[in-house]
Amino acid sequence: MARPAGYALTLLVPGPWPREQAPSIAGFTAEWIPNDGRFVGALRFGAFPAERLSEIAACPGALLVEGRVDPCENPASLAELGRALSEAGALAVRVEQSKAAWAASDWARSEEHTSELQSHSDLVC
């Protein structure tokens with residue numbers, strides 16, 4: 001059986017939206033989960049600015065975004081995803097596989113997330 005192209009990616013994406021206003025992200029599945037008070041702790045690892053943690057504490061929920069990306073075939077795919085999330089109002093992006101987190105606006109501009117994913121031993125370009 002052939003392995004699916006790309007890399008499975010799961011993101012925790014806190015945002016200002018209540019369940020009924022949660023955005024959809026083209027090409028990915030997204031499930032809204034309520035903020036149970038643990039989002040702040042989940043975002044302490046990585047490059048998320050500590051001074052913005054109060055915004056995370058106040059958000060009503062987050063999207064659990066799942067899909068496949070192929071940074072080898074399309075290096076811009078992660079930046080495109082970051083821009084879509086940022087434009088939808090996302091406050092942060094946490095890569096569940098590594099637990100690293102960034103402000104959504106930084107994810108959209110940075111190559112750091114691409115190199116972070118490419119460092120995984122099961123991803124070969």
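**View 1. Strand 1 is largely enclosed in this predicted model.** Of the 9 residues of strand 1, 8 are buried, which means under 20% relative accessible area. The strand is therefore largely enclosed by the rest of the structure. Strand 1 covers residues 7–15.

**View 2. Strand 1 pairs with strand 3.** The two strands are antiparallel and are joined over 9 bridges. One pair to look for is Pro14, whose bridge partner in strand 3 is Ala62. Strand 3 spans residues 61–69.

**View 3. Strand 1 also pairs with strand 4.** Here there are 2 bridges, and the strands again run antiparallel. Leu11 has Val95 of strand 4 as its bridge partner. Strand 4 consists of residues 92–95.

**View 4. Helix 3 lies across three strands: 1, 3 and 4.** The helix is formed by residues 77–87. Its direction makes an angle of about 20° with strand 1.

**View 5. Strand 2 pairs with strand 3.** These strands are antiparallel and share 6 bridges. Within this pairing, Glu31 is opposite Leu64 of strand 3.

**View 6. The open sheet contains 5 strands.** Read across the sheet, the order is 2-3-1-4-5, with antiparallel pairing. At the edges are strand 2 (29–34) and strand 5 (100–103), each of which pairs on one side only. From one strand to the next, the twist averages 25°. When tracing side chains, note that in a regular strand they alternate between the two faces of the sheet.

Methods
Residues are numbered from 1 along each chain as its sequence is written. This is a predicted model: local features need pLDDT of at least 70, side-chain atom pairs count only at pLDDT 80 or more; totals for chains, interfaces and linings use all residues. Side-chain values use heavy atoms; hydrogens and water are left out. Two strands pair if DSSP finds at least two bridges between them. Axes are lines fitted to C-alpha atoms, for helices over the stretch in contact, and angles run from 0 to 180 degrees between N-to-C directions. Contact means heavy atoms within 4.5 Å. Buried means under 20% relative accessible area, exposed over 50%, partly exposed in between (1.4 Å probe, protein chains only).
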